[in-house]
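Let's take a walk through a protein together and look at what gathers around its ligands. Keep the picture open as you read, and find each residue as it comes up.

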Amino acid sequence: MVTIPNLSKKNTIPDQPASERVTGENLPRHLAIIMDGNGRWAKERNLSRIEGHRAGAESVRVIVRSCRKIGIPVLTLYAFSKENWQRPSREIQALWRLLSKYLKSELGEMMENSIRLNAIGDIQELPKRVHRLLVDTMEKTGANRDMILNLALSYSGRSEIVRAAQKLAVTCLAKELQPAEIDEVIFANNLYTADMPDPDLLIRTSGEQRISNFLLWQMAYTELYVSPVYWPDFREPELMEALADYQRRERRFGKTGEQKGKEV
Ligand code: IPE
Ligand code: IPE
Ligand code: MG
């Protein structure tokens, strides 16, 4: 179960220019990020793609810290898709090395700041040692309550939906559930994100305007924000700009603007 921290409503996050002012009011309860552009960032600098991923890992540290500071309860980072298995094995191995390094170096901070690490995706497919370290980190941080950090690893939105359908089919065959009883709530409770709110905001870096098989079910009504900045250059000012943009939006959920106006 996710505990939503008490945000002080009018609390403005300090040190921000007026154009990027973010308040504690109306923050996303769940922020999802497609961290893209590490390779192009490196190419522009005549560095290897792996150097790009290393710089990207630094952005992960910064953004997790910022989200914790401003009180975003759930952060989901797309770190490795199922489709990414098609990349050169040298690059994939480097990504697992970086992940292991990250998990080891950040455990202390996750414990101090009450951050629960939760992997989503087919993590059995990861190299054994990385898988073990991941499960170990999830166990150690399992009782932390102030923020959930979901890492999407070997993740595919379609696979997640198929997996949920399979789980429900098994429950029905065991006669614990009738097919007609399956509704959206029950379905959502069989996804990796059971008990978590759907993402309010999706940020994709590097200018690409696509979903790339990320959180397909959960993003039915998510606000989309594309930043032109490559992930290694996406730091606190860029995050604040995205959040400020989100806070200026009107979310209608199918209603008219006038109907929404009357609710406030
Ligand atoms: C995102 O950066 C990181 C992962 C997908 C692991 P990319 O590696 O996709 O960078 P580009 O898109 O090639 O620039
Ligand atoms: C999406 O980035 C996956 C991650 C950020 C982990 P990609 O770079 O793999 O996406 P596509 O293939 O260009 O859409
Ligand atoms: Mg990419």
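The paragraphs below visit ligand 1, then ligand 2. Please keep in mind that this is a predicted model.

Start with ligand 1. Its surroundings are formed by M35, D36, G37, N38, G39, R40, R49, H53, A79, N84, R87 and L95. If you sort these residues by class, you get three nonpolar, five polar and four charged.

Now zoom in on the oxygen atoms of this ligand. A polar atom in the side chain of R40 is 2.7 Å from one oxygen atom of ligand 1. The side chain of D36 also takes part, with a polar atom 2.9 Å from an oxygen atom of ligand 1. N38 makes its approach through the backbone: a backbone N or O atom of this residue lies 3.1 Å from an oxygen atom of ligand 1. How much of ligand 1 does the protein bury? On its own, ligand 1 would expose 380 Å², and 86% of that is buried by the protein.

Next, step back to see where ligand 1 is housed. The space that ligand 1 takes up is the largest pocket. Two elements, α1 (38–44) and α2 (49–70), each give two or more residues to the shell around ligand 1. Of the elements, α1 contributes the most to this shell, with three residues.

Let's move on to ligand 2. Around it you will find I34, M35, D36, Y78, A79, F80, S81, N84, R87, R204, R210 and S212. This shell holds five nonpolar, three polar and four charged residues. Which element gives the most to the shell around ligand 2? That is strand β2, covering residues 74–81, which supplies four residues.

Here, too, the oxygen atoms are worth a close look. The side chain of N84 has an N or O atom 2.9 Å from an oxygen atom of ligand 2. For D36, a side-chain N or O atom is 3.2 Å from an oxygen atom of ligand 2. R87 joins in with a polar side-chain atom 3.3 Å from an oxygen atom of ligand 2. Taken by itself, ligand 2 has 390 Å² of accessible area, and the protein covers 79% of it.

Finally, where does ligand 2 sit? Its place is in the largest pocket, and the space taken by ligand 1 is the largest pocket as well. As you look there, find D36 once more: its side chain has a polar atom 2.9 Å from an oxygen atom of ligand 1 and an N or O atom 3.2 Å from an oxygen atom of ligand 2.

How values were computed
Residues numbered from 1 in each chain as written. Chains lettered and ligands numbered in written order. Predicted model: local features only at pLDDT ≥ 70, side-chain atom pairs only at ≥ 80, totals over all residues. Heavy atoms only, no water. Near = heavy atom within 4 Å. Polar contact = N/O pair within 3.5 Å; in protein donor to acceptor, adjacent residues only side chain to side chain. Areas by Shrake-Rupley, 256 points an atom, 1.4 Å probe, with all protein chains shown as cover. 1 Å grid on protein atoms, 1.4 Å probe; cavity = no way out; pocket = protein on both sides within 12 Å on 5 of 7 lines; lining within 4 Å. Sits in = over half its atoms within 2 Å of the grid points. Nonpolar A, V, L, I, M, F, W, Y, C, P; charged D, E, K, R; others polar.
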